[in-house]
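Okay, thanks for coming, everyone. Let me put the model on the screen, and then I'll walk you through a few spots in it.

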Amino acid sequence: MALSDYKTEFEVAVNDIIERTKAGKLSLPARTIKITALCENYERDRMAENERRAAQGMRPIGVKPDGLQLQRLASCLLHETLTDKSVNKMQREEYPIMSDTQYHRRIFGGKRTKYGDKLREVPLTSAVRYGNDGRDYGKQDAIDAEMAKFDKSALSRNKERQREYRQFTKRQPVKKYPLAELQGADA
């Protein structure tokens with residue numbers, strides 16, 4: 001059997017499981033058994049193919065199924081959770097799993113209601129400043145004004161320090177001391 005045949009057969013089997021799940025013909029336990037059996041059979045067949053190839057002196061091929069198909073199977077396992085559109089899903093379940101659209105709404109904000117301009121879901125960027133206690137830990141206007149005043153006084157002090165430093169480090173005249181006067185002072 002050619003390499004592409006394994007992938008095609010696996011993809012057809014994955015499509016069948018997904019279609020039957022969306023039609024409501026496969027419950028979660030039956031789906032779990034089908035997916036596990038499909039993956040184990042795929043791996044067993046590929047290992048047998050590798051043994052055959054090794055006997056012929058050919059290089060082995062990968063044993064694991066295609067990553068995209070495995071991702072589709074994982075989404076199929078979580079079908080009920082991902083298609084649950086209830087409003088209180090995040091509060092109701094202990095470990096909620098969001099669909100792509102729910103995650104996008106949580107991060108970037110939700111849709112507008114038909115009765116006004118309020119968002120149903122506030123974007124996370126709005127909540128960055130708030131702690132668990134509901135207190136706003138962002139910079140307030142009073143603190144900003146105080147910091148601006150402090151910055152002005154610090155800036156003026158820095159200018160004074162710079163002026164003194166320049167005065168101290170600028171070129172000074174060279175002082176000459178006669179060596180004889182210094183030796184006579186010691187005696």
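Let's start with D66, which sits in the loop between helix 2 and helix 3. One thing to keep in mind as we go: this is a predicted model. So, is D66 buried or exposed, or something in between? It comes out partly exposed, because its relative accessible area is 37%, and buried would need a value under 20%, exposed one over 50%. Now look across to E11: D66 and E11 are 55 residues apart in sequence, yet their C-alpha atoms are 8.9 Å apart in space.

Okay, on to helix 2 itself. Helix 2 covers residues 28-55, so to speak a run of 28 residues. From its first C-alpha to its last it reaches 41 Å, which is close to the 40 Å you'd expect at 1.5 Å a residue. Just after helix 2 you'll find G57, with a positive phi of about 80 degrees.

Which residues of helix 2 are buried? Here's the list: R31, I35, L38, Y42, R46, E49, N50 and R53. Notice that I35 and L38 share that list with R31, R46 and R53.

Two other residues of this helix are worth a stop. D45 lies in helix 2, and D45 counts as partly exposed because its relative accessible area is 35%. Its C-alpha is 8.8 Å from that of Y6, with the two positions 39 residues apart in sequence terms.

The other one is C39, also found in helix 2. With a relative accessible area of 22%, C39 is partly exposed, since buried means under 20%. What does C39 touch, leaving aside its neighbours within four places in sequence? It is in contact with F10, L70 and L73. For F10, the C-alpha atoms are separated by 8.7 Å, and the two residues are 29 apart along the chain.

Let's follow one of those contacts to the other side. L70 lies in helix 3 and is partly exposed, with a relative accessible area of 33%. Again leaving out neighbours within four places in sequence, L70 is in contact with C39 and P65. L70 and C39 are 31 residues apart in sequence, and 8.9 Å apart C-alpha to C-alpha.

Now for a pocket. The second largest pocket has a volume of about 160 Å³. Where does its lining come from? Helix 1 (3-22), helix 3 (67-77) and helix 4 (79-83) each supply at least two of the lining residues. If you want to click through them, they're I18, T21, K22, R72, S75, C76, H79, L82 and T83. By class, that lining has three nonpolar, four polar and two charged residues.

Let me zoom out to finish. The protein has eight helices and zero strands, so to read it from the N terminus you just go α-α-α-α-α-α-α-α. How many of the 187 residues count as buried? That's 16%. The protein exposes about 15700 Å², and carbon and sulfur atoms supply 55% of that area. As for contacts between residues at least 6 apart in sequence, 35% of them join residues at least 24 apart. The C39 and L70 contact we looked at, with its 31 residues of separation, is one of the pairs to look at again on your own screen.

Technical notes. Residues are numbered from 1 along each chain as its sequence is written. This is a predicted model: local features need pLDDT of at least 70, side-chain atom pairs count only at pLDDT 80 or more; totals for chains, interfaces and linings use all residues. Side-chain values use heavy atoms; hydrogens and water are left out. On a 1 Å grid over the protein atoms alone, a cavity is a set of points where a 1.4 Å probe fits but cannot get out, and a pocket is an open set with protein on both sides within 12 Å along at least five of seven lines; lining residues have an atom within 4 Å of a point. Grid points are joined across faces, edges and corners, and a volume is the space filled by probe spheres set on the points. Helices (H or I, at least four residues) and strands (E, at least two) are DSSP runs, numbered from the N terminus. Ala, Val, Leu, Ile, Met, Phe, Trp, Tyr, Cys and Pro count as nonpolar, Asp, Glu, Lys and Arg as charged, and the others, Gly among them, as polar. Buried means under 20% relative accessible area, exposed over 50%, partly exposed in between (1.4 Å probe, protein chains only). Contact means heavy atoms within 4.5 Å. Accessible areas come from the Shrake-Rupley method with a 1.4 Å probe; for residues, only the protein chains shown count as cover. The expected span of a helix is 1.5 Å times one less than its number of residues.
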